[in-house]
Amino acid sequence: METGVAALLLVALLGTSSAVSFYGDSINFSPLQKNQDGTYKVTFYHRQNGRNDCQNQSSLICEGGVCTDLDQSNALRTDQDFSGLGRWCQTEERTTATFQANGTTLTLRDSGCCWASNVDGKTNWMSQAELDLGVRSDTYRINNCPVTTTVSLLRVPRNCFTQHRLLAHDPDGDAVRCRFASGASADFTLDETTCTLRSTGELQTGVHVFELTMEDFSTHNITLSYADGSSASREASNMNLPPLCRLKLNFLIEVLPPASSCVAADVLPMFLSRTPSHGEVLHASVGQTFQFHAQAQAQNAQIQNFQISGPHNMTQDFRTGSDGKAEVTVSWTPNEKDANRVIPVCFTAETATTQSEMRCAVVMVTRDTFLQGRASVQCLPNKMTVAVEKASMPDVSEEFLSLRDPSCTLTTNGTHIVGTMSFSTCGTKTEDKGDYIVFNNEIHSIERSSEVIIRRKMVKIDFYCQFPKTISISNFYTLHQADYIFTESNFGSFGYSFEIFQDGNFTSRVEPVAYPVQVKLLEMIYMGIQAVSVLPNVTLFVESCKGTPDNNPDNPIYYDLIKNGCVKDETVMIHPSNQTSFNFEIQAFKFNGDYDQVYITCSVILCEPGNPFSRCAQGCMSEPSRRRRRGLSMETAEHYITQGPLQLVGSAGPGAVKNKKINAAPKSDTLPEGGSPVAPETRSNGESWRFREVFASNVTTVVFASGFILSLVLLALVVRHFSRRRRAEDLHALIEDEFEK
């Protein structure tokens, strides 16, 4: 921020207790309040993480005497490890001060020693918060800083680190950028937009220190007006300009030795559907008890407790259940000083040696209770309908209500306010809650920009449809037992069917009882892939297809049919189909060696249609290294589906008919079993592959021809032998006759 301007500087004076293990900290503001005399009251909350008994490491004072009416609470413990190991502890300190906004920036600082022993060799730490004091032209008040925090101690096995999502909620709806405040380890990257930490390779076991800076930028053009009469402009999402607020977030991650399994809900706890989603906004009212539930499961480990970072006096009721499940009910009653606060709450499920992902929610505290109303929700395969009883919300008109996307309208039938939307429209969000996929939206009050005052009650109605991941998909569309079913957070439950058809019409599939399917070399095989999804509008893309001699798609013996979206085999012919189908035909082949079966494995992707950045839109790519990152578009991961086996039973001959039907009769038990590979072979190019096809198809002819030639040679030798013997006998008889004469 601009230097040389008057600022409020708060500096931590460290006592002897500061030389303890520091695990990180965070600073959060309450909305600034303007007093009648033109001064401002600021309240901020400083959470510090450590271990054992939570020794307080800071004593904040106001330097220079510019603050008056300083009200500072003791550092109160908010969370602690009750296992007896003293692995973590967290405190929160509240400070309220009054200051004169003569400058343009409010600055808070804190520093000390020492970080817990870490692989980065860091010792001293520093906290910082800078708030621009200009009154925003869009909200008519000073900016609200982003809200963030972490639990005291993050832990992850070395072989299980995928990502850590950090909380970066902005009360004003601004864009938040996260970046490394100091030199980052080469083993980690940070997505600055989503505030997600990822690893770049194998991690070193031990404690890793992270110092991040969070900054917010308005998403539209605004003007900032200062107390001295000056002003400044901020262009929409221009991150080259000074941010409206800058916060420092310090935390550490302990990288543990490798775990026996990285599968969620095995030894690593997995959150279940009762748990708030990451980034979810919850609501509480002053003087009323607020509760939320978190539930997790680890079938081969015992969940001992939950680590929770939240406000002081937040209580926990921990319970264990069957199948490795555990649940905690978190309760808290806000007081008057908590009014209008936006409070971060983060939590993890803990076992003796592992930890779940960290999830964070935001609790918004108001003095008035939101009017909930009575609502019913109808969940259909690809949409949901909400109906709110008007009688439960007297004096509330639908014209002052909106869905999450205000472009979608609500209607009324006289007794109910009704809204209908698909799972991908009207601001509907898709959330993966562990054992459920949830599609949620909300009805809330709106305020018109022309209104100076309002006397309407505030309305907030959350509604959702949830589908268990173990759902029988046949409840929504017909799939048979050979199909593949997957679940992803942005797409819900979706599936693929991979069929072999009897002919090129792609209407009559080969029945399951006919497997393995008997085919002859050079005969045409007709195959089709069909995608089905709860979302109404998706596009199927086949990234690759290959043949293997068994059902192991990673077998080193394979032959590419389609690769990177490009056809690699000259006999592959793709037939026109709709955006969720892929029909193709291929000429039957066999692998060189003692193999008589072929399996076909394809990798498939679902994309949102019309997105030019999606993998579906990119099509054939000769240079796969130039592919854009998946995060730029909405698409699923690649999923592998396999069909087969195809049983080779001879040659169809050079005159094989392309549209000949595949023999789909059930097989007898006397058919030979497919041989297993004896040694990996190097794949040849297309020309040598064709040579092996021709050679394999004519090997019988060669054998018979060789036998026939050998028979002729033997016959000639026998004839010659007896001819010579007959001539010798005749000569001998002639000599005897002459001797007698």
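## A tour of salt bridges and a strand hairpin

Begin by selecting Arg-47 and Glu-92, which form a salt bridge in which the closest N and O atoms are 2.9 Å apart. Showing the strands around this pair makes clear that distant parts of the chain are being linked, since Arg-47 belongs to strand E4 (residues 40-50) and Glu-92 to strand E8 (residues 89-99), with the two positions 45 residues apart in the count along the chain. Both Arg-47 and Glu-92 are buried. Keep in mind throughout the tour that this is a predicted model.

Select Asp-81 and Arg-87 next, whose side chains meet in a salt bridge with an N to O distance of 3.0 Å. Here too, Asp-81 and Arg-87 are both buried.

Move on to Glu-499 and Arg-509, where the side chains meet in a salt bridge at 4.0 Å, N to O. Glu-499 lies in strand E38 (residues 492-501), whereas Arg-509 sits in the loop between E38 and strand E39 (517-521), so the pair ties together parts that are 10 residues apart in sequence. Are the two partners buried or partly exposed? Glu-499 has a relative accessible area of 8% and is buried, while Arg-509, at 26% relative accessibility, counts as partly exposed.

For a group rather than a pair, select Glu-130, Arg-177, Arg-179, Glu-215 and Arg-246 together, as these residues are linked in a network of salt bridges. Across the whole structure, a search finds 27 salt bridges.

Now leave the charged pairs and select strand E18 (residues 222-225), where the side chains alternate along the strand. Ile-222 and Leu-224 point to one face and are buried, while Thr-223 and Ser-225 point to the other face and are not buried.

With E18 still displayed, add the strands that pair with it. Strand E11 (residues 135-136) pairs with E18 in the antiparallel sense over 2 bridges, and strand E19 (residues 231-234) pairs with E18, also in the antiparallel sense, over 4 bridges. Which residue of E18 should be centred to follow the bridge from Arg-136? The bridge partner of Arg-136 in E18 is Leu-224, and Leu-224 also stands opposite Ala-232 in E19. Leu-224 is thus a convenient residue on which to centre the view, with its side chain among those that are buried.

Finish at the turn of the hairpin formed by E18 and E19, which has 5 residues between the strands. Select Gly-229 in this hairpin and inspect its backbone, where phi is positive, near 95°.

How values were computed:
Residues are numbered from 1 along each chain as its sequence is written. This is a predicted model: local features need pLDDT of at least 70, side-chain atom pairs count only at pLDDT 80 or more; totals for chains, interfaces and linings use all residues. Side-chain values use heavy atoms; hydrogens and water are left out. Buried means under 20% relative accessible area, exposed over 50%, partly exposed in between (1.4 Å probe, protein chains only). Two strands pair if DSSP finds at least two bridges between them.
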